[in-house]
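Pull up the sequence and the model side by side, and let's take a walk through them. We'll begin at a single spot, then work outward.

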Amino acid sequence: MAFSFSSSSFLKCHPWTQSQNSTNPLSFPPPKPISLPFSARHERVASDFSLLQKLGNVGSFDSMRGVLDDMKKLQVELVEGTFFIFIESYAKFELYDEAIRVLDMMWKVFGMKPGTFSYNLLLNVLVDGNKLKLVENVHSRMLDEGVKADVSTFNILIKALCKTHQIRPAILMMEEMPMYGLVRMRLFTAIMQELY
C-alpha cells in the first residue's frame, strides 16, 4: 500500500506550521506562565537541573540549550548555578571557548549578569585544563565588567601562576590581597602544594 502526501496537506496537520499556513483553523494560544506551589516549582527546577547534568555528561549541548530555552519560555526562574552545568560540561569535553561563551549567553540571552561564582568556576576549569592564556583573558574581562574578585579568585590565579612556575608573582599576588580587603588564608600552603 502506497501513501502519498502533498506538502500542503502534511503542513495543515501540524500546528507548529500555523504561521506558514493561514488556512489552519486550529488556534493555539501561547503557553501561560507556570504558577506552581513552592514544592512543585522546586521539583521542576530540580528535574530540569538533573536533566541538564545528564545531557551535559554525554555532550548533548544542543539538547541542553533546548531545555534552557524551554525553561525560559515557561518562565521557570533560572539561577546562576544552572549555567555552571554548561561551563563544567563544555570543560569536560575540552570546549573551553564554548565554556567562555556561557557568560555571554547568561547576560545577553537570559538577562543574568555573571557574578563572582561564575567567573571563579570558569577560571578554575581553565586552570585545570591548562588554558592559562584564556585564564588571563577571562580575568581581564571579569575586572572590566566590574565583578569583584574574592579569596577564591586569588587562589585560582595563584594556582595558575604556580602551574607556570611563577612563584614570585604568586607570592606578590598573595601579599596584595589585604589591599582588596581579603584575608590570606592557607595560600602559602596552596603555593607549596603546587610546587611539589
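**A walk through the chain**

Start at Gly-59, which sits in the loop between α2 (38-57) and α3 (61-73). Keep in mind that what you're looking at is a predicted model. Is Gly-59 buried, partly exposed or exposed? Its relative accessible area is 25%, and since buried means under 20% and exposed means over 50%, that leaves Gly-59 partly exposed. Now look for Ser-89: this residue is 30 residues away from Gly-59 along the chain, yet the C-alpha atoms of the two are separated by 6.9 Å.

Zoom out for a moment. What does the secondary structure of the chain come to? You'll find ten helices and zero strands, so if you read the elements off from the N terminus, you get α-α-α-α-α-α-α-α-α-α. The chain has 196 residues, and buried ones make up 34% of them. As for contacts, take those between residues at least 6 apart in sequence: 55% of them join residues at least 24 apart. The accessible surface of the chain is about 12600 Å², with 57% of that belonging to carbon and sulfur atoms.

Next stop, His-139, whose place is in helix α7 (residues 132-144). With a relative accessible area of 18%, His-139 falls under the 20% cut-off and therefore counts as buried. What does His-139 touch, leaving aside residues up to four places away in sequence? The list is Leu-123, Thr-153 and Leu-157.

Leu-157 gives us a handy way into the next piece, a pair of helices. Two packed helices are described by the angle between their axes and the distance between the axes. Here the pair is α8 (residues 151-163) and α9 (residues 167-176), whose axes come within 8 Å and cross at roughly 165°. Angles over 145 degrees count as roughly antiparallel, and therefore α8 and α9 are roughly antiparallel to each other. The crossing in which α8 passes α9 is left-handed.

Which residues make the contact? On the α8 side they are Phe-154, Leu-157, Ile-158, Leu-161 and Cys-162. On the α9 side, select Ile-167, Pro-169, Ala-170, Met-173 and Met-174. Sort them by class and the contact of α8 with α9 comes out as ten nonpolar residues, with no polar and no charged ones. Leu-157 turns up in both places, then: it is touched by His-139, and it is one of the α8 residues in the contact with α9.

Key. Residues are numbered from 1 along each chain as its sequence is written. This is a predicted model: local features need pLDDT of at least 70, side-chain atom pairs count only at pLDDT 80 or more; totals for chains, interfaces and linings use all residues. Side-chain values use heavy atoms; hydrogens and water are left out. Axes are lines fitted to C-alpha atoms, for helices over the stretch in contact, and angles run from 0 to 180 degrees between N-to-C directions. Helices (H or I, at least four residues) and strands (E, at least two) are DSSP runs, numbered from the N terminus. Angles under 35 degrees count as roughly parallel, over 145 as roughly antiparallel, 65 to 115 as roughly perpendicular and the rest as oblique. A crossing is left-handed if the near helix is turned anticlockwise from the far one by less than a right angle, and right-handed if clockwise. Contact means heavy atoms within 4.5 Å. Ala, Val, Leu, Ile, Met, Phe, Trp, Tyr, Cys and Pro count as nonpolar, Asp, Glu, Lys and Arg as charged, and the others, Gly among them, as polar. Buried means under 20% relative accessible area, exposed over 50%, partly exposed in between (1.4 Å probe, protein chains only). Accessible areas come from the Shrake-Rupley method with a 1.4 Å probe; for residues, only the protein chains shown count as cover.
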